[in-house]
Amino acid sequence: EDGYETGEHAPGLKLGGCGAYKAAHHIIKSHAKVWHSYNSTWRREQRGMVGISLTSGWGEPVDPHSQPDREAADRYIQFHLGWFANPIYRGDYPEVMKSYVGKKSAQQGLGTSRLPTFSLQEKTYIKGTSDFLGIGHFTTRYVLQKNFPFLQVSGYHTDRDLAELVDPNWPVPGPKWLYSVPWGFRRLLNFIKTQYGNPLIYVTENGVAEAGQCSELCDEGRIHYLKGYINEILKALNDGVNVKAYTAWSLLDKFEWNKGFSEKFGLYHIDFKNKNKPRYPKASADYYKKIISANGFPNPREVK
């Protein structure tokens with residue numbers, strides 16, 4: 001969406017209400033082709049796995065007793081995670097996505113939906129093309145129903161007919177979009193378990209950037225974030241979710257999309273002003289190191 005609809009990210013194309021859907025359509029078909037290529041050529045020899053990594057937030061209804069809000073929260077997830085996961089695990093785009101984009105397209109007087117369709121052959125070819133599901137997760141939103149008026153130019157955000165809210169009491173340890181809401185991760189993981197048949201899950205991205213530069217390399221906000229989110233993964237494991245591994249995002253400060261080097265997600269600080277780019281461990285690096293050593297939350301009295 002950022003690359004092919006709003007143009008905010010590379011390649012910076014503003015292709016109205018269809019660019020993001022077309023790009024995603026090609027990504028899904030390309031992924032399936034790679035999976036089949038590996039499956040037929042290399043799997044027997046290498047015994048490896050091919051999966052896909054999808055990033056998704058969690059959407060919680062503002063009023064859990066409101067049917068419209070519950071449906072809006074479900075649309076939030078289906079338009080995020082389901083957009084890619086549903087074809088791979090269930091054979092086609094989510095029904096609610098096809099319905100809403102189709103309805104909006106018809107209102108615009110278009111002959112066909114802006115959401116592309118898979119042929120029966122493509123559905124069969126794509127379904128089941130993932131040996132594991134990689135999940136990137138960072139934050140949560142409250143969601144409520146919001147009807148957008150008829151627009152001649154509709155797009156991904158208006159297609160969903162929903163609004164996103166945040167709780168002002170949620171901590172914001174870094175970028176203004178990234179609120180720390182650990183409980184949303186457990187709910188997302190359980191949604192995946194229920195929706196897609198409890199697939200093998202690798203958490204491929206989870207972390208936060210610090211709000212400002214700390215000369216003491218003290219990033220308490222990241223430590224609290226990691227503690228909260230990893231704890232919710234442990235709860236999800238107890239729920240029976242098939243989480244195999246966890247990867248903190250990220251090892252090093254790096255180039256972060258259109259924010260450049262200003263958002264620092266790393267456990268290690270990089271001095272980009274120095275030609276040698278020296279690396280310095282932040283406090284969170286030591287904290288995460290202890291978690292890795294204990295394969296869980298360590299008891300300080302047991303860790304030297």
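**Exercises on a four-stranded sheet and its helix**

The model contains an open sheet of 4 strands in the order E1-E3-E6-E7, with parallel pairing. Strands are DSSP runs of E of at least two residues and helices are runs of H or I of at least four, numbered from the N terminus; two strands pair if DSSP finds at least two bridges between them.

This is a predicted model, where local features need pLDDT of at least 70, side-chain atom pairs count only at pLDDT 80 or more, and totals for chains, interfaces and linings use all residues. Residues are numbered from 1 along each chain as its sequence is written, and side-chain values use heavy atoms, with hydrogens and water left out.

**Exercise 1.** Find which strands stand at the edges of the sheet.

*Solution.* Strand E1 (52-55) and strand E7 (243-246) each have a single partner strand, so one side of each is left without a neighbour in the sheet. Next, take the pairing of E1: 4 bridges join E1 to strand E3 (residues 133-136), and the two run parallel. Within this pair, Ser53 stands opposite Gly134 in E3.

**Exercise 2.** Determine which strands H3 touches.

*Solution.* H3 packs on the sheet and touches E1 and E3, where contact means heavy atoms within 4.5 Å. The direction of H3 makes about 150° with that of E1; axes are lines fitted to C-alpha atoms, for helices over the stretch in contact, and angles run from 0 to 180 degrees between N-to-C directions.

**Exercise 3.** List contacts of Trp83 beyond its neighbours within four places in sequence.

*Solution.* Trp83 is in contact with residues including Ala20, Tyr21, Tyr93 and Tyr156.
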